[in-house]
Amino acid sequence: MKKPLACLPFHDLRHQQAHQFLVDEAYLLDAQRYEEWLQTLTDDVRYVMPVRVTTARGAGFDASPVSLNLSCGWCWG
């Protein structure tokens, strides 16, 4: 079995940058600022997100371009 890589220490700048990216991403998604969130992703990203049956807003989640009012031409599924 291959030995796992060591984790980055908390004081490492790369750890702090990764943490801040996740915090910022969560904020944009929670605020339903999907256009801004899409701008943070690279062109070759494959983003998979589980869907909950219930949500805080009670409206559910639909990741279709129509529901997000997007026309980026990506495949949603």
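**Notebook: contacts, burial and charge pairs**

Entry 1, overall layout. I began with the contacts in the protein that have a separation of 6 or more, and residues 24 or more positions apart account for 27% of them. I note that the model is predicted. I then looked up the secondary structure and found three helices and zero strands. Read from the N terminus, the order of elements is α-α-α.

Entry 2, burial and surface. I asked what share of the 77 residues counts as buried. The figure is 13%. The exposed area of the protein comes to about 7,100 Å², and 58% of this is supplied by carbon and sulfur atoms.

Entry 3, a nonpolar patch. I recorded a nonpolar surface patch of about 240 Å², made by Val-45, Tyr-47 and Met-49. I located Met-49 in the loop that runs between helix H2 (34-39) and helix H3 (65-68). Its relative accessible area is 37%, so Met-49 is partly exposed.

Entry 4, salt bridges. I asked how many salt bridges a search of the whole structure finds. The search gives two. In general, side chains of opposite charge can pair when their charged atoms come close. I took each pair in turn.

Entry 5, Asp-12 and Arg-14. I found Asp-12 in the segment before H1. Asp-12 forms a salt bridge with Arg-14, and the closest N and O atoms are 2.9 Å apart. I also looked at the backbone here: the nitrogen of Arg-14 lies 2.7 Å from a polar atom of the Asp-12 side chain. Arg-14 thus meets Asp-12 through a salt bridge and through its backbone nitrogen. I then asked whether Asp-12 is buried or exposed. Asp-12 has 15% relative accessibility, and because buried means under 20%, it counts as buried. Its partner Arg-14 has a relative accessible area of 52%; exposed means over 50%, so Arg-14 is exposed.

Entry 6, Arg-33 and Glu-36. I placed Arg-33 in the loop between H1 and H2. Arg-33 forms a salt bridge with Glu-36, with 2.7 Å between the closest N and O atoms. I also noted a polar contact at 2.7 Å between the side chains of Arg-33 and Glu-36. For accessibility, Arg-33 stands at 30% and counts as partly exposed. Glu-36, at a relative accessible area of 35%, is partly exposed as well. I next asked which residues Arg-33 is in contact with, leaving aside its neighbours within four places in sequence. They are Tyr-27 and Leu-28.

Entry 7, Glu-25. I turned to a charged residue without a salt bridge, Glu-25. Glu-25 is found in helix H1, which covers residues 13-30. I asked where the nearest side chain of opposite charge lies. It belongs to Arg-33 and is 14 Å away, and Glu-25 is buried. A salt bridge needs a distance within 4 Å, so a separation of 14 Å leaves Glu-25 without one. I then looked for other partners of this side chain. The side chain of Glu-25 makes a polar contact with the side chain of Trp-37, at 3.1 Å. Not counting residues up to four places away in sequence, Glu-25 touches Trp-37 and Tyr-47. I cross-referenced Tyr-47 to Entry 3, where it is listed in the nonpolar patch with Val-45 and Met-49.

Definitions and conventions:
Residues are numbered from 1 along each chain as its sequence is written. This is a predicted model: local features need pLDDT of at least 70, side-chain atom pairs count only at pLDDT 80 or more; totals for chains, interfaces and linings use all residues. Side-chain values use heavy atoms; hydrogens and water are left out. Helices (H or I, at least four residues) and strands (E, at least two) are DSSP runs, numbered from the N terminus. Buried means under 20% relative accessible area, exposed over 50%, partly exposed in between (1.4 Å probe, protein chains only). Lys and Arg count as positive and Asp and Glu as negative; His and the chain ends are not counted. A polar contact is a pair of N or O atoms within 3.5 Å; within protein, one must be able to donate a hydrogen and the other to accept it, and residues adjacent in sequence count only if both atoms are side-chain atoms. Contact means heavy atoms within 4.5 Å. Accessible areas come from the Shrake-Rupley method with a 1.4 Å probe; for residues, only the protein chains shown count as cover. Patches are made of residues with over 30% relative accessible area and no salt bridge: like charges are joined within 9 Å, nonpolar side chains (Val, Leu, Ile, Met, Phe, Trp, Tyr) within 5 Å.
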